[in-house]
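Please open the structure in your viewer and keep the selection panel at hand. We will go from stop to stop, and at each one you will be told what to select and what to look for.

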Amino acid sequence: MDGMDRQGKSGDRNPALDFTKGVLVLFMVLYHWINYFVGVEGAFYTYIRFVPSAFIFLAGFIMANIYPAKYGFGNSRLYVRLVTRGLKLLVLFTVLNVTANMFIERSYKGAMPGIEGLISNAATIYISWNARVSFGVLVPIGYLLVLSAVIFLAIRVHKYSVHLICAALFLCVWFLDLYGSPNPNLSFIAIGILGMVFGFYPIEKVNNWVGHPYVVVGLNVGYILAISIYGIGYVMQVIGVCLSVMLIYLAGVTSTASGVLRGTIILLGKYSLFGYIAQIGLLQLLQANLPLFNLNIWALWIISFVGAFTLTIFTVRMAHYIRTRTHIADWIYRVVFS
């Protein structure tokens, strides 16, 4: 998430974490482009299903790895900031969906539910899940931020509290799935708490874990073979999130990409929350307007694909440019996204 990867009290950013978030933004563009222009079903989803969960996993990792070092467990600012940011994301999710339902008739999920539909399905949306809403990943991340404040308080009592809470949540997810009442929000939050478990380890130790590229790559190849044969359930999805994030972070640590390419990816990582929101809005605009040109399917795919990535990068660059030159724009950005 934007502004959440400052390293310790020095305030220096970790470029590898920004790189990881930036790559996930690009994967999210691909994920949603397929949703909007190819279809919501297909074998390819087996290999990219990790993307939304990876966002939440990384948010949990960054919270645990950065915030305690920056504020300290005894500082009330830590808890106020986490709760405030979590509530802010829930408000942002609500405003975005109200706005989308006022101006957009359809998304890839079908007809938009409208304001009345949002209100009537509020319990389902905010407690479990409603596939017809947009920007849905903001809800579990918002809950994760609020819950992390409770976890940080619990850690002051018992240092393994996060491990116990993580195990309890995964047990609840398993229990609900077993009895036919899955709760996607809870499933996402459990993955975010798992990210926190890893995040409490020093970043140097994490770097040592990913410092064996042949092992990391080999594990990812084995995972891809496994899901190709057996499919992807929730357990395999959790494993895939961990392995995929490790692989991307490894690429961020060892990348020899050109300055422009790496710089663009890192910039996307610094604006990951804004980029996530922007790319969904841009894809909805492309879906609504490109059919007016009566393009054949291949032309539609090529133009929408290139357009989705190009416009997302351009929008993020413009946001960064305006922020650096206008104090009011920077203040607005911080109020909404930081």
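Which residues of the largest nonpolar core touch the most other members? Bear in mind, as you look, that this is a predicted model. Select Leu138, Ile193 and Ile277, since these are the residues that touch the most other members among the 95 residues in that core. Then select helix α3, residues 50–71, which supplies the largest share of this core, 15 residues.

Go back to Leu138 and show its surroundings. Leaving out residues up to four places away in sequence, leucine 138 touches Leu89, Leu92, Phe93, Leu96, Leu273, Tyr276 and Ile277.

Next, select glycine 136, which you will find in the loop between α6 (122–128) and α7 (138–155). Is this glycine 136 buried or exposed? Its relative accessibility is 9%, and because buried means under 20%, glycine 136 counts as buried. Apart from neighbours within four places in sequence, glycine 136 is in contact with Phe93, Trp129 and Tyr276. If you now add serine 161 to the selection, the C-alpha atoms of glycine 136 and serine 161 are 28 Å apart in space, while the two residues are 25 apart in sequence.

For the last stop, select helix α13, residues 259–270. At 1.5 Å a residue, its 12 residues should span 16 Å, and the end C-alpha atoms are indeed 16 Å apart, so the two values agree. Colour its buried residues, which are Arg262, Thr264, Ile265, Ile266, Leu267, Leu268 and Gly269, and then show the helices that they pack against, namely α1 (15–37), α12 (234–254), α14 (272–289) and α15 (297–325).

Terms used
Residues numbered from 1 in each chain as written. Predicted model: local features only at pLDDT ≥ 70, side-chain atom pairs only at ≥ 80, totals over all residues. Heavy atoms only, no water. Helix = DSSP H or I, 4+ residues; strand = E, 2+ residues; numbered from the N terminus. Expected span 1.5 Å × (residues − 1). Buried < 20%, exposed > 50% of the residue type's maximum accessible area, 1.4 Å probe, protein only. Contact = heavy atoms within 4.5 Å. Core = buried A, V, L, I, M, F, W, Y, C linked by side-chain atoms within 4.5 Å.
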